[in-house]
Protein chains: 2
Amino acid sequence: MQLEYIYCKKMKLTRYTDYALRALIYLAAHDGGLVSIRQIAQAHDISQNHLMKIIQDLGAAGFVKTTRGRHGGLALARPAAEITIGQVVRHTEGDSRLVDCSTCRIAEGCSLPDVFSEAREAFLAVLDKCHLSDAARTPDAFRHLFVV
Amino acid sequence: MQLEYIYCKKMKLTRYTDYALRALIYLAAHDGGLVSIRQIAQAHDISQNHLMKIIQDLGAAGFVKTTRGRHGGLALARPAAEITIGQVVRHTEGDSRLVDCSTCRIAEGCSLPDVFSEAREAFLAVLDKCHLSDAARTPDAFRHLFVV
DNA sequence: TCTATAGATGCATTAGAAATGCATGATTAG
DNA sequence: CTAATCATGCATTTCTAATGCATCTATAGA
């Protein structure tokens, strides 16, 4: 009596956000040192192309500072303790509304948009309590990132 | 100096959840009366096939009570005041984790899974404060649903 | 009993967006 | 001048939600 037609239920973050966080955490672990995109991509075995564009984006948004040319690379634009997960997710997942009521017939008198908006804020509020510098459970949790 | 390569940033709910909520709100507005799937699909101009499976799912989950055969239809299985938006979303978007750390190299010492888990709960907690019976801004906001 | 109407179910297909790959340009150290 | 690195645009692939179609089951009423 169970549904055969299984829906892969979501409510997941995009890989875009995933990679952004991994990159930022990597930079935070290197505490100021210049790191190349290639290095991060290889460390996580993820698409360098995709990561490149994400870094681009993070650079324009003021999260990282990029340096071109030989011996170039990335570094956090601000201290890791001043960047929250919420700030990052807010940016990578967009600031737009969670729901699209443009085609809904009951949008007029419906209170759900407000409720979802509030829920989203509550979600981000929790993420705002966590900083890049808090991502590691223990001080040396990400030590292996240094060992190339 | 802006990125040409635009990422359609998400963090959106699926249409599956969207339709589920619309259907439940429709039923709540009809307060006990039997309503057909076709009727809801036409009222919102959405895919009857998709809605059919969603209703199926909602039936199995105990949100609605379906009646087959001629003059059959749907009704809420419980009072609208006892069904929260959070309960519905929890079901339609799945109870699984928000992030997939299975392939992440730093999953061991990373605290983000816990943070996201907490954020998700905060999100749902807000949605749990809202019941189907609260969806309408005013008592007669959805009156036009009756006028077929 | 027969028929019309409703939900139940499975499978195939489409659509849309995220993710990826590729090619090329721009910048800088040595 | 060259190698290394980020910057950018476009094409392609991949994934999965969304949809469509066909058929089965159940029930009311003529």
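Student: Which side chains of B:Arg105 and A:Asp45 atoms meet, and at what distance in Å?

Tutor: Good place to start! In this predicted model, the side chains of B:Arg105 and A:Asp45 form a salt bridge, with 3.9 Å from N to O. The rule accepts a side-chain nitrogen of Lys or Arg within 4 Å of a carboxyl oxygen of Asp or Glu.

Student: How many salt bridges are there over all chains, and how many across the interface of chain A and chain B?

Tutor: A search of the whole structure gives 12 over all chains. For our example, B:Arg105 sits in the loop between helix H4 (85–92) and H5 of chain B, while A:Asp45 sits in the loop between H2 and H3 of chain A, so the pair joins two chains. Across the interface of chain A and chain B, the rule finds 6 salt bridges. There are also 14 residue pairs in polar contact between the two chains, counting pairs with both residues at pLDDT 80 or more.

Student: Which helices of chain A supply residues to the side that touches chain B?

Tutor: At least two residues each come from helix H1 (15–29), helix H2 (37–44), helix H3 (48–60), helix H4 (85–92) and helix H5 (112–128) of chain A. H5(A) gives the most, with 11 residues. Sorted by class, this side of chain A has 29 nonpolar, 13 polar and 17 charged residues.

Student: How many residues does the contact take from each chain, and what area do the chains bury between them?

Tutor: Chain A brings 59 residues and chain B brings 60 residues. Together they bury about 5,600 Å², and 64% of that is on carbon and sulfur atoms. Also, 100% of the interface residues of chain A are interface residues in chain B too, so the copies meet through the same surface.

Student: How do I read the way two copies are related?

Tutor: In general, two copies of a chain are related by a rotation about an axis and a shift along it. Here, a turn of 180° and a shift of 0.0 Å along the axis lay chain A on chain B with an RMSD of 0.1 Å. The two copies are therefore related as by a two-fold rotation axis. In chain A, the C-alpha nearest that axis belongs to A:Phe123, 2.4 Å from it.

Student: And how do I read an aromatic pair?

Tutor: A pair of aromatic rings is described by the distance of the centres and the angle of the planes. This structure holds 1 such pair over all chains. A:Phe123 and B:Phe123 are edge-to-face, with 6.3 Å centre to centre and 80° between the planes. The pair crosses between chains, from helix H5 of chain A to helix H5 (residues 112–128) of chain B.

Student: Last one: which residues does B:Ala29 touch, beyond those up to four places away in sequence?

Tutor: B:Ala29, found in helix H1 (residues 15–29) of chain B, touches B:Phe142, B:Leu145 and B:Phe146. The C-alpha atoms of B:Ala29 and B:His144 are separated by 10.0 Å, although these residues are 115 residues apart along the chain.

Terms used. Residues are numbered from 1 along each chain as its sequence is written. Chains are lettered from A and ligands numbered from 1 in the order in which they are written. This is a predicted model: local features need pLDDT of at least 70, side-chain atom pairs count only at pLDDT 80 or more; totals for chains, interfaces and linings use all residues. Side-chain values use heavy atoms; hydrogens and water are left out. Copies are superposed by least squares on the C-alpha atoms of residues with pLDDT of at least 70 in both. Contact means heavy atoms within 4.5 Å. Buried area is the accessible area (1.4 Å probe) that two parts lose on being put together, summed over both. A polar contact is a pair of N or O atoms within 3.5 Å; within protein, one must be able to donate a hydrogen and the other to accept it, and residues adjacent in sequence count only if both atoms are side-chain atoms. Helices (H or I, at least four residues) and strands (E, at least two) are DSSP runs, numbered from the N terminus. Ala, Val, Leu, Ile, Met, Phe, Trp, Tyr, Cys and Pro count as nonpolar, Asp, Glu, Lys and Arg as charged, and the others, Gly among them, as polar. Rings of Phe, Tyr and Trp (its six-membered ring) pair if their centres lie within 6.5 Å; planes under 30 degrees apart count as stacked, over 60 as edge-to-face and the rest as tilted.
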